[in-house]
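Reader: I am new to reading protein structures. Could you walk me through this one, one question at a time?

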Amino acid sequence: MLTYPNLPTRSLDLGVGNYGPQAGLSSEVFGAADLLRSVTGPTDADKPMIIELAVAAMEELIRMAQSGEPLWIPSSDINCGELLCEEEYSRIFPRGIGPKPLGLKSEASRESAVVIMNHVNLVEILMDVNQWTNVFASIVSRAVTLEVLSTGVAGNYNGALQVMTAEFQVPSPLVPTRENYYIRYCKQHSDGTWAVVDVSLDNLRPSSISRCRRRPSGCLIQELPNGYSKVTWIEHVEIDDRAVHSIYKPLVNSGLAFGAKRWVATLDRQCERLASLMANNISAGDVGVISSPEGRKSMLKLAERMVMSFCTGVGASTAHTWTTLSGSGADDVRVMTRKSMDDPGRPPGIVLSAATSFWLPVPPKRVFDFLRDENSRSEWDILSNGGLVQEMAHIANGRDPGNSVSLLRVNSANSSQSNMLILQESSTDSTGSYVIYAPVDIVAMNVVLSGGDPDYVALLPSGFAILPDGPTDPTVGINPEVGSGGSLLTVAFQILVDSVPTAKLSLGSVATVNSLIKCTVERIKGAVLCDVA
């Protein structure tokens, strides 16, 4: 039976750009998160209403998960699953959290999957804010439990009720994040099924104009034999999405950006990663310099921290202050600086982060395979200086051959430079792919490979998020207006521009990073587009 490991508390300054060392995701709120800091728990007078709302939301979630037509109508697009009939929804659930506010549009989706994790661990992940933000790092940029109104029955989360606030993201600075203030309620039903439901509490926030409301959303978890679970996920929100950049609109409108399909695909992929982390045997897919299960585990944990660090800082989170350089097009480069001090997991000094997103008329799988392949790395990686890249170690951590952690050595063409090691994780599911990497110190890496503590290896992750440009329609050619087969690529770099944290940032270093990212983008376009031509 698979047990869930104790993940490290996710520190919010891990990403491409928070300021200063932050506490983990506890009630000590973070950096520039003024909105989350200003939100307080409910008053005692509100609590009976909250309990009533939670019970009604749970009933609604169960019905939404178990109903077929006419509430859910099959979609003609295989990527979008089913569509919610809003008239039928209003008829069945007339009360809820009130009518949809003017200016907001509805998004509703449902998805099911069998995942390699038992129901007890799944419930714990959903109800423990630190585990939840770890597992869904690519979707949840920040979250806080403001108040626990009930811890549930002793020994498990049955009946647990908590007030939370969270920010949800897409890995691109071109898609605004979505912030919600809501309750999360967990219940075990008489048939043994567990359910966890969220519902917005915006009506308790005076004078706040909500851009996003969560109608009852969440999941049902059914226990299956051998430590597996069947998960049925509902996402139902009302959103003002006018600020989404036009190249991301088809993706967001299809539900692939924030909908149930993305949550379930992410959960399935994370369960796979955790299962491989817990495996004590070294599989035939693992090759290279890793000789012990301890070394394998340490390297996977280091890669996990690297991925969380990348995800926390690549989106448009309000905790970050991005500055846009040049022009007004979609492919602007956005930069921010952060001082890094007293953090053993990050090199000290001034870190400059830069990110840009753009459209490519090439399928996501082709872009992913090109970027993760060490043999084509010299075609885009300016910092590897045209050197030969060799894979020294490889850990397969998923069913798809694209899911792996590698240790790469760059044998520089310039012999005066020391040989460099790069830790890389590539990860793919049906809603998106990532290639994330960080230069690592040879001495520190040797400690990790022998099973040492990976938390003291300094990392500055860079990498790529590759998303489909919308639902694919096999009857239509590639067309950026519809979203049919192309890719949305986000490139994000972190560069240590000065090893003295108190130094002043020079305009020269900003210009260098700007030209580095633009040159990388041009090289990627040149390489993948010439294959298509």
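**A helix, two cavities and the cores**

Author: Let's begin at the start of a helix: Asn118 caps the N-terminal end of α4, with a side-chain oxygen 3.0 Å from the backbone nitrogen of Val120. Keep in mind that this is a predicted model.

Reader: Thanks! Is helix α4 mostly covered or mostly uncovered, and how many of its residues are buried?

Author: Helix α4 runs over residues 119-127, which makes nine residues. The buried ones are His119, Asn121, Leu122, Val123, Ile125, Leu126 and Met127. The helix is mostly covered, and the number of buried residues is seven.

Reader: How many cavities of 30 Å³ or more are there, and what is the volume of the largest cavity?

Author: The structure holds eight cavities of 30 Å³ or more. The volume of the largest cavity is about 260 Å³.

Reader: Which class of residue is the most frequent in the lining of the largest cavity?

Author: This lining has 23 residues, and Ser138, Thr266, Gln270, Ser427 and Tyr434 lie nearest the centre of the cavity. Helices α5, α7 and α8 and strands β17 and β18 each supply at least two lining residues. Counting by class gives five charged, eight nonpolar and ten polar residues, and the class with the highest count is polar.

Reader: Which element gives the most to the lining of the second largest cavity?

Author: The second largest cavity has a volume of about 110 Å³. It is lined by 13 residues, and closest to its centre are Arg273, Leu274, Leu277, Leu300 and Glu304. Two elements, α7 and α8, give two or more residues to this lining. With five residues, the one that gives the most is α7.

Reader: And by class, how many residues in that lining are nonpolar?

Author: The lining of the second largest cavity includes four charged and three polar residues. The nonpolar residues number six.

Reader: Which element gives the most residues to the largest nonpolar core?

Author: This core has 78 residues, and those touching the most other members are Trp132, Phe136, Trp233, Tyr248 and Met299. With ten residues, the element that gives the most to the core is α8.

Reader: What does Met299 touch beyond four places away in sequence, and how many residues are in the other core?

Author: Leaving out residues up to four places away, Met299 touches Ile290, Ala393, Ile395, Val405, Ser406, Leu407, Leu423, Met445, Val448 and Leu449. Another core lies apart from the largest one, with Val333, Leu371, Leu408 and Leu516 among its members, and its number of residues is 32.

Conventions
Residues are numbered from 1 along each chain as its sequence is written. This is a predicted model: local features need pLDDT of at least 70, side-chain atom pairs count only at pLDDT 80 or more; totals for chains, interfaces and linings use all residues. Side-chain values use heavy atoms; hydrogens and water are left out. On a 1 Å grid over the protein atoms alone, a cavity is a set of points where a 1.4 Å probe fits but cannot get out, and a pocket is an open set with protein on both sides within 12 Å along at least five of seven lines; lining residues have an atom within 4 Å of a point. Grid points are joined across faces, edges and corners, and a volume is the space filled by probe spheres set on the points. Helices (H or I, at least four residues) and strands (E, at least two) are DSSP runs, numbered from the N terminus. Ala, Val, Leu, Ile, Met, Phe, Trp, Tyr, Cys and Pro count as nonpolar, Asp, Glu, Lys and Arg as charged, and the others, Gly among them, as polar. Buried means under 20% relative accessible area, exposed over 50%, partly exposed in between (1.4 Å probe, protein chains only). A polar contact is a pair of N or O atoms within 3.5 Å; within protein, one must be able to donate a hydrogen and the other to accept it, and residues adjacent in sequence count only if both atoms are side-chain atoms. A nonpolar core is a set of buried Ala, Val, Leu, Ile, Met, Phe, Trp, Tyr and Cys residues joined through side-chain atoms within 4.5 Å. Contact means heavy atoms within 4.5 Å.
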